[in-house]
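Let's walk through this structure together, one region at a time. Have the sequence and the 3D view open as you read.

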Amino acid sequence: MAAARPSRSEAARPLRCPSCSGEAGSSVACLACGRILREPEGATLFDRLGLSADEVFDAQTAEARYLRISRILHPDHRASDAPDIQELALENTARLNEAWRTLSDVQLRHEYLLELYAPGSLERHKKLSPDFLLSAMETSEELEDARSSGCQETIRRIARESRQQIEARMHGVASACSATIGRIARDDHVKEAERPTRLLPFHEWNIEQIAVLLHQARVYRRILKDTGVRT
Amino acid sequence: MKDAERSSQVVIGIDLGTTNSLAAIVGPDGPRILCRADGTALIPSVVSFLPDGTHVVGEAARAMAITNPERTVHSVKRLMGQNLAEVQAHEAGRLGYEVTRDADSDLARVRIGERLLTPQEISALILAEVRRVAEAALGHPVQRAVITVPAYFDDSQRQATRDAARIAGLEALRIVNEPTAAALAYGLDTSREGNVVVYDLGGGTFDVSVLKITQGVYKVAATAGDTHLGGDDFDQLVMQRILSLIQERAGASTNEVPPAALQQIRLSAEQLKCQLSQSDHASLEIDLGQGAPMRFSLSRDAFEAAIRPLVDRTIACCQRALDDAGLPVDEVDEVVLVGGSTRIPLVRRLVAETFARTPHTELDPDRVVALGAAIQADVLSGGNKDLLLLDVIPLSLGIETVGGAFAKLITRNATVPVRATEMFSTSVDNQTAIEINVYQGERELVRDCRQLGAFKLRGIPPMPAGLPRIEVTFLVDADGVLTVSAREQRSEVKASIDVVPTHGLTRDQVKQIVRDSIRMARDDFAARELVELRNKARNLVAGTSRVLAMPEMPFTDEQRTSLGHDMERLEQLARGEDVAALRTACDEFGTRTQALADEAIGAAIKSELNRERSQLPSSGR
């Protein structure tokens, strides 16, 4: 997962196409000339879709990007190319798909963003408070009882409550992110490559808060999944 | 030359079905089915092996299901990529032929007399027939194809399909999922956008796929299914009813029903099922060859009650696919029905109820998949740049970890191609090889998942335990087929990988089968050549004898004796089997007699002229 490893320091931005020397628009393909690119070291999942990690994620724009780059890269459209190009097309389409899978999922995207700005923080702040764990455990047990007794009403209530728990946490994540990342994005005086390292210590409390909220959201996502109730 | 080039690049689409197979192509007027001269296109996916070592495929083979049941193979698709235990669990008692295993692996094999055939080889015979029909329709050879498989086929079933193509001498440019192909065929003339559900219930398999179509991109959001659920199972239920009736009337155990009668009952059950799609009541006479023919009748209500649990299972799959796609049922814009079994009214009714809309049935459910495969073939050959298919892996893929736990590396419904990397190390000093067991499935323990194979990494540089850092990459390509590669990061050594597929053929085995089939083809060729050479030898001897008999031919006695010797030898060789010796002898004799023939021609003309002048020809010619 070398290329997918979050790190903001290495890839030069904007990404240039070595072939047409225009702005490539993606780290895996040049949207200007249609050439497949060898991804530079340190490119992020955002780079693959030609998006900025610092901007608000717009699902529609991102999906349009994903499909546009897919058209350039996909092995189906490269079936008559030379074998080495076909291999690169396969490899890069897999990279592009990985980026879309992670970034189109609100939970995975925020976990990835956090790792991008503060590597290791999810692991560092994975201890959840006893109060939270106790309450989650009680909900789990209640769900298990309801499932074995077939009490649909309780199951639906737990699903509804879990959804609310998740929403509340993702809301918290979003506002904490905008306080941290949004600030970074607006701060034009800071050189791009230096932004995270300079600003992170200042916002350390926010990082911890985001990590904890994301872990908690995960716990409730699992409970919601166990209810089997459809969205 | 241009045309020859174009024809060698032509890519056809093939629907390799459980019950029927057929091919299609995109021509100047859009996709069309490749038919025989009589307009028929469906080739029954049946192969019958005759006692003389030859075989027939298609309609002729299907007709032999009754006369030659033990040597007639139907529904071989259900055996693809399966081991014997799996076949026994799913197909117990429903196949007229014997399925066994070979000595050194657990793979399912079909026993035909003394021969053990892999399902791949039998599928290859069907593919070869499809190819023949396609070539006859097109008027030029076909080498490349897009072949469809059920979306829910796992890695080993896909591999088996690819191997079958290779054995048939076809390059499978892409393995495409059947429901996705159907969506392509439906989408083409309407260029519709939105969320589409394809419900595909065929002869042996069920698939449901949820697709989102945006500006020519067909993105599969989720797929679910059952590779052992289809029309065959409905036939089986009807068959059981017929059998219990026979038991009731005859008082005999149904275990004693002979194979030929069982096949007869199977065909009757299928007929009844089809009739019940048209009318509320169906009945037919079954002649088992002993006693008076029996009349059996079945109401649609009774049939529907019998198959209801199976149809409910397909509806549960639909729910799961929607869940996985994160799509509420009211956001489904279109529902498309594919596969012969969707002609059953109950199926149509339940699907319509589930999605609260009338499903599309405009296209022939038996042909729509082949048409879609042809459209994808057109995309691959560069004829269509507007369309793009983004499909998914149907089942999660992972490895065995401590305690037999299943660690998922790639989750189901991830868009393919998809890649995952995992770090491995050694547990013993100077260990140079590691074995990784790869599984596919959704359960927590590997024993509940399907093992795809064992990947043995070799060539790890000797180092203390735990020091090597081996990065193993699992790549699932656009066909949904897995390849594994590995690299030791400290030494940059590429570890080599030996794959031992659990349910498939190794590369060497496929090569061997291809070699054997080429040798068999060569044997066929040799047999034909022998016949031709024998005729040639006979003609040479006869011709020469005639010339020698002409009184006016100026041959010396020496020449006559020598020619007589040569003719005797030629006749002797023509009675034998040595093709090469006979060929050489024919050539030599031909050269020798050429000179004599030249001489003879002059004399013969003279004599013919004389004869014509004096009398009628003495012989008939």
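A good place to begin is B:R308, which is partly exposed, with a relative accessible area of 36%. Here buried means under 20% relative accessible area, exposed means over 50%, and partly exposed is what lies in between, using a 1.4 Å probe and protein chains only. The partner to look for is B:D312, which also counts as partly exposed at 34% relative accessibility. The two side chains meet in a salt bridge, with 3.1 Å from N to O. A salt bridge is a side-chain nitrogen of Lys or Arg within 4 Å of a carboxyl oxygen of Asp or Glu. Because B:D312 and B:R308 are 4 residues apart in helix α9 (residues 300-325) of chain B, about one helical turn separates them. Helices (H or I, at least four residues) and strands (E, at least two) are DSSP runs, numbered from the N terminus.

Before going further, a word on the ground rules. This is a predicted model, in which local features need pLDDT of at least 70 and side-chain atom pairs count only at pLDDT 80 or more, while totals for chains, interfaces and linings use all residues. Residues are numbered from 1 along each chain as its sequence is written, chains are lettered from A and ligands numbered from 1 in the order in which they are written, and side-chain values use heavy atoms, with hydrogens and water left out.

Now step back to chain B as a whole. It contains 14 helices and 27 strands, and of its 621 residues, 52% are buried. Among the contacts in chain B with a separation of 6 or more, 65% are between residues 24 or more positions apart; contact means heavy atoms within 4.5 Å.

Some salt bridges also span the sequence. Over all chains, the structure holds 44 salt bridges. One of them joins the side chains of B:D235 and B:K273, at 2.9 Å from N to O. This pair links distant parts of the chain, since B:D235 sits in helix α7 (residues 231-250) of chain B and B:K273 in helix α8 (residues 259-276) of chain B, 38 residues apart. Are these two residues buried or exposed? Both B:D235 and B:K273 are buried.

Compare that with B:K408 and B:E442, whose closest N and O atoms are 3.6 Å apart in their salt bridge. B:K408 lies in strand β21 (residues 405-410) of chain B and B:E442 in the loop between β23 (434-440) and β24 (450-458) of chain B, so this pair ties together parts that are 34 residues apart in sequence. B:K408 counts as partly exposed at 39% relative accessibility, and B:E442 is partly exposed with a relative accessible area of 22%.

Next, find strand β14 (residues 206-214) of chain B, which is mostly covered: 7 of its 9 residues are buried. Two strands pair if DSSP finds at least two bridges between them. On one side, strand β13 (residues 194-201) of chain B pairs with β14(B) in the antiparallel sense over 8 bridges, and B:N195 stands opposite B:K212 in β14(B). These two strands form a hairpin with 4 residues between them. β14(B) also pairs in the antiparallel sense with strand β15 (residues 217-226) of chain B, over 9 bridges. There, the bridge partner of B:V208 is B:A224 in β15(B). The hairpin of β14(B) and β15(B) has 2 residues between the strands, and B:Q215 in the turn has a positive phi of about 45°.

For a look at a covered loop residue, turn to B:L34, in the loop between β3 (30-33) and β4 (43-44) of chain B. B:L34 is buried, with a relative accessible area of 1%. Not counting residues up to four places away in sequence, B:L34 touches several residues, including B:I12, B:I25, B:V133 and B:L138.

Finally, where do the chains meet? In all, 22 residues of chain A are in contact with 31 residues of chain B. Chain A and chain B bury about 2300 Å² between them, 51% of it on carbon and sulfur atoms; buried area is the accessible area (1.4 Å probe) that two parts lose on being put together, summed over both. Across this interface there are 3 salt bridges, and the side chains of B:R174 and A:D76 meet in a salt bridge of 2.4 Å, N to O. On the side of chain A that touches chain B, the elements giving two or more residues are α2 (59-73) and α3 (83-103) of chain A, and α3(A) gives the largest share, 9 residues.
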